[in-house]
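Trainee: I have the sequence and the structure open. Please take one part of the chain and go through it closely, residue by residue where you can. Then tell me how that part sits within the whole.

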Amino acid sequence: TVPKIVFAMCAFGFCASAVAADFEVSDAWIRLLPAGAPAGGYFSLRNNSNAQVALVGASSSDYRNVMLHRTKEESGTSRMIHVESVDVPANGSVSFAPGGYHLMLMGPVRAHSVGDRVPVTLEFSDKHKITAQFEVRAPGSR
């Protein structure tokens, strides 16, 4: 059986993944922006269970507020909207990527540099939580 929370780091910590029961987080990273500016958080989330679950929140000790957002194109204009939850299908996955779903990390409590690791805890509708280490990457990263 898989322990409730297990952390697995790729060689030398360059990429992180986290596993909690039936959930996997991989390719977790944050785009570094100028001091004080909200940062975007991106990752892939896999649900290996036979039941749909929803991601309903996130938090980090490195930020005062973390929200679920989605970028939406309307009449040629791109805007970010807050979402209450993101469904993750049974035996399926969801990608949080530039131009789509993402975490909006606001109010950094410390300065970050490229290569830093930031713990982010994802919260699910079934009350499970999983903490993954997000790698801080340069502004132009995708």
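Mentor: What follows is a walk along one strand, with the rest of the chain as its setting.

Start with the status of what you see: this is a predicted model. Now the setting. The chain has 12 strands and 0 helices. Read from the N terminus, every element in the run is a β. There are 142 residues, and 39% of them count as buried. The chain exposes about 7400 Å². Carbon and sulfur atoms supply 54% of that area. Sequence distance matters here too. Take the contacts between residues at least 6 apart in sequence: 62% of them join residues at least 24 apart.

The part to look at is strand β3, which covers residues 23-31. Three of its residues deserve a stop: D27, A28 and I30.

Begin with D27, which lies in strand β3. Look at its backbone. Phi of D27 is near 45 degrees, a positive value, and D27 is not a glycine. Is D27 buried, exposed or partly exposed? Its relative accessible area is 40%. Buried would need under 20% and exposed over 50%, so D27 is partly exposed.

The side chain of D27 has partners. D27 belongs to a network of salt bridges with E135 and R137. Place those partners by number: strand β12 runs 129-137. Keep E135 and R137 in mind, since both names return with I30.

Move on to A28. This residue is found in strand β3 as well. A28 has 3% relative accessibility, which is under the 20% cut-off, so A28 counts as buried. Compare that with D27, which is partly exposed at 40%. Now look across the chain from A28. F96 is 68 residues away in sequence. In space, the C-alpha atoms of A28 and F96 are 9.1 Å apart.

Next comes I30, again in strand β3. Its relative accessible area is 1%, so I30 is buried. What surrounds I30, once residues up to four places away in sequence are set aside? The touching residues are A39, G40, G41, Y63, L105, V118, F134, E135, V136 and R137. Take G41 from that list. G41 is 11 residues from I30 along the chain. Their C-alpha atoms are separated by 4.4 Å. Then take V118, which also touches I30. By its number, V118 falls within β11 (117-124). E135 and R137 are on the list too. These two are linked with D27 in the salt-bridge network. So strand β3 meets E135 and R137 at two of our stops, by side-chain charge at D27 and by contact at I30.

Now step back to the other salt bridges. The structure holds 6 of them. One joins the side chains of K72 and E74, at 3.7 Å from N to O. E74 also meets R79, at 3.2 Å. K72 is partly exposed at 32%, and E74 is partly exposed at 32% as well. R79 is partly exposed at 42%. Another bridge joins R110 and D116, at 3.7 Å. R110 has a relative accessible area of 36% and is partly exposed. D116, at 22%, also counts as partly exposed.

For a second positive phi, go to K127. Its phi is near 80 degrees, again in a residue other than glycine. K127 lies in the loop between β11 and β12. D27, by contrast, lies in strand β3. K127 has 71% relative accessibility, which is over the 50% cut-off, so K127 counts as exposed.

One last place is the largest pocket. Its volume is about 170 Å³. Of the 15 lining residues, L32, L33, A35, P108 and H112 are the closest to its centre. The lining has 11 nonpolar, 2 polar and 2 charged residues. By number, L32 comes just after strand β3, whose range is 23-31.

To sum up the strand: D27 is partly exposed and linked by salt bridges to E135 and R137. A28 is buried. I30 is buried too, and touches residues from A39 through to R137 in the numbering.

Key
Residues numbered from 1 in each chain as written. Predicted model: local features only at pLDDT ≥ 70, side-chain atom pairs only at ≥ 80, totals over all residues. Heavy atoms only, no water. Helix = DSSP H or I, 4+ residues; strand = E, 2+ residues; numbered from the N terminus. Buried < 20%, exposed > 50% of the residue type's maximum accessible area, 1.4 Å probe, protein only. Contact = heavy atoms within 4.5 Å. Areas by Shrake-Rupley, 256 points an atom, 1.4 Å probe, with all protein chains shown as cover. Salt bridge = Lys/Arg side-chain N within 4 Å of Asp/Glu carboxyl O. 1 Å grid on protein atoms, 1.4 Å probe; cavity = no way out; pocket = protein on both sides within 12 Å on 5 of 7 lines; lining within 4 Å. Points joined across faces, edges and corners; volume = space filled by probe spheres on them. Nonpolar A, V, L, I, M, F, W, Y, C, P; charged D, E, K, R; others polar.
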